[in-house]
2 protein chains.
Amino acid sequence: MNPVSPTFSPLYRQIKELVLQSLDAGEWKPGEPIPSEVELSARFGVSQGTVRKAIDELAGENLLVRRQGKGTFVASHSEPVTQFRFLRLHPNEGEREQPESRLLEVRRQRASSEVARVLDLKAGESVVYVRRLLVFGGTPIVLDEISLPAPLFKGLDAQMLNAHEGSYYGLYERQFGTRMIRAEERIRAVAADAEAASVLGVEKGAPLLCVDRTAYTYGDRPVEFRRGLYRTDQHHYRNSLV
Amino acid sequence: MNPVSPTFSPLYRQIKELVLQSLDAGEWKPGEPIPSEVELSARFGVSQGTVRKAIDELAGENLLVRRQGKGTFVASHSEPVTQFRFLRLHPNEGEREQPESRLLEVRRQRASSEVARVLDLKAGESVVYVRRLLVFGGTPIVLDEISLPAPLFKGLDAQMLNAHEGSYYGLYERQFGTRMIRAEERIRAVAADAEAASVLGVEKGAPLLCVDRTAYTYGDRPVEFRRGLYRTDQHHYRNSLV
DNA sequence: CAGTGGTCTAGACCACTCT
DNA sequence: GAGTGGTCTAGACCACTGC
């Protein structure tokens with residue numbers, strides 16, 4: 001009948017879409033519980049099983065967290081367990097330890113054409129530019145350059161960035177109501193330039209992992225571009241293929 | 001009651017386990033259909049919904065493929081759509097194209113201590129060692145060194161490797177009944193040595209991506225160790241974080 | 001048309017948390 | 001004990017495939 005786009009979508013997907021809209025609108029904040037399954041099934045006029053299937057998918061995408069006996073909660077980057085979700089770097093030997101984040105620079109600037117493209121901005125629009133170091137056990141391992149659309153992050157300054165605990169994504173959602181839900185990374189091997197070499201304590205020309213990350217919020221709207229240079233002599237980037 | 005290990009597992013997980021055992025035992029081969037849901041629910045004496053939930057999980061782990069109106073099939077590496085599932089390399093510009101695999105070397109040798117460790121062998125056990133090049137549009141991009149436990153791959157030789165189409169994993173399952181279902185990768189940036197530089201057509205010391213992959217079959221048994229050196233001037237390794 | 005997987009319902013009972 | 005999510009059932013109907 002309609003070979004191009006499905007004119008039909010099952011009920012549970014429509015429910016999922018409605019819940020997504022409420023999440024996007026901020027009806028329930030990160031860390032807070034959403035209404036119970038029976039409550040939602042009453043609100044939407046469907047069976048509990050249909051609500052369950054919608055929530056199952058959202059939980060599978062890490063947007064919601066189910067806790068038996070307690071309820072279903074909006075996923076949050078502020079919880080300790082979530083700290084390492086987006087940092088795939090592991091030490092070659094031993095356990096992962098909490099890194100120290102050392103802020104090097106914060107300023108507003110005009111978006112480069114590359115940053116404008118990935119953040120879906122017009123060339124020259126204002127961005128917040130952050131440069132920082134991740135230090136593991138006293139050794140600088142990651143040099144990050146972060147670009148954020150300035151209008152979404154009004155008031156972000158060095159003091160806020162220094163005061164935060166854990167990953168920046170917790171700060172984004174607490175202070176600016178922008179919750180990051182997904183990211184794409186592109187990884188290359190590059191030679192350290194003089195600047196990176198000095199900051200990371202390696203020879204100029206030494207091989208570094210270059211990780212370009214674009215992070216998205218609800219509705220696939222890009223909200224952060226981050227270029228990380230990783231020292232991988234004592235660490236490696238870990239990935240599972242399934 | 002039992003705080004250490006769950007003494008109980010839900011019915012659908014037990015069903016899942018039984019289906020997994022049949023898959024491992026080769027009761028149904030890759031590409032073949034498994035029995036229908038009603039058939040399985042009769043066999044196991046549970047409702048169709050319980051079987052569905054078991055199969056849902058297996059399909060979510062890419063061990064089974066559902067096809068509405070046709071049946072549920074054992075996932076296979078021999079199908080065209082599966083070709084790129086484990087190769088995360090993309091061109092910086094343009095579409096992915098089918099690479100040519102250029103075999104450099106095949107031989108039996110004793111496992112190094114590193115290979116023995118990841119493949120869970122005793123040091124010195126026999127492995128098949130394969131060295132090959134992946135060539136995209138005439139340019140060598142990936143240099144792979146592959147180690148396989150020799151007992152599992154009796155009779156693997158250059159002729160078989162040259163005759164195959166697509167990824168080696170299709171060959172493994174067709175010729176040796178070993179189906180790869182999961183892999184772990186560890187990624188570092190390294191400097192090209194003289195040998196790699198000459199084969200990949202870069203300067204000695206040029207940065208390369210070094211991707212160490214351990215591949216597993218049913219029951220988390222390791223069956224392949226692969227070290228790939230990737231040129232990433234025209235390509236990048238892509239990864240999604242969710 | 002019969003057979004497959006996909007959706008939806010209603011209801012029962014279980015496991016867990018909190019008060 | 002009340003309220004939450006988790007499991008299991010039985011049955012109805014829909015959508016897709018192939019004969």
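Is A:Ala25 buried or exposed? Select A:Ala25 to begin: with a relative accessible area of 66%, A:Ala25 is exposed, where exposed means over 50%, buried under 20% and partly exposed in between, with a 1.4 Å probe and protein chains only. A:Ala25 is found in helix α1 of chain A, helices being DSSP runs of H or I with at least four residues and strands runs of E with at least two, numbered from the N terminus. If you add A:Ala194 to the selection, the C-alpha to C-alpha separation from A:Ala25 is 45 Å in space, with the two positions 169 residues apart in sequence.

Before moving on, note that this is a predicted model, in which local features need pLDDT of at least 70 and side-chain atom pairs count only at pLDDT 80 or more, while totals for chains, interfaces and linings use all residues. Residues are numbered from 1 along each chain as its sequence is written, chains are lettered from A and ligands numbered from 1 in the order in which they are written, and side-chain values use heavy atoms, with hydrogens and water left out.

**Helix packing**

Next, show residues 11-25 and 48-60 of chain A, which are helices α1 and α3, packed at an angle of about 60 degrees with their axes 8 Å apart; the axes are lines fitted to C-alpha atoms, for helices over the stretch in contact, and angles run from 0 to 180 degrees between N-to-C directions. The two helices are therefore oblique to each other, given that angles under 35 degrees count as roughly parallel, over 145 as roughly antiparallel, 65 to 115 as roughly perpendicular and the rest as oblique. Among the residues that make the contact (heavy atoms within 4.5 Å) are A:Ile15 and A:Val19 of α1(A) and A:Ala54 and A:Leu58 of α3(A).

In chain B, the axes of helix α1 (residues 11-25) and helix α3 (residues 48-60) come within 8 Å and cross at roughly 60 degrees. Keep α3(B) displayed and add helix α2 (residues 37-44) of chain B, which packs with α3(B) at an angle of about 110 degrees, the axes being 8 Å apart. That makes α2(B) roughly perpendicular to α3(B). The contact is made by B:Glu37, B:Val38, B:Leu40 and B:Ser41 of α2(B) together with B:Gln48, B:Val51, B:Arg52 and B:Ile55 of α3(B).

**Aromatic rings**

Over all chains, a search of the whole structure finds nine aromatic pairs, which are rings of Phe, Tyr and Trp (its six-membered ring) with centres within 6.5 Å, counted as stacked for planes under 30 degrees apart, edge-to-face over 60 and tilted for the rest. Select A:Tyr169 and A:Tyr172, an edge-to-face pair at 5.5 Å centre to centre with 85 degrees between the planes. Both residues lie in helix α6 (residues 168-176) of chain A, three residues apart, about one turn of the helix. A:Tyr169 counts as buried at 3% relative accessibility, and A:Tyr172 is buried at 2%.

Then move to B:Tyr168 and B:Tyr172, whose ring centres are 6.5 Å apart and whose planes lie at 40 degrees, so the pair is tilted. Ring pairs link B:Phe86, B:Phe153, B:Tyr168, B:Tyr169, B:Tyr172 and B:Phe176 into a cluster.

Finally, select B:Arg132, whose charged end sits over the ring of B:Tyr168, 4.5 Å from its centre; the criterion is NZ of Lys or CZ of Arg within 6 Å of the ring centre and within 35 degrees of the ring normal.
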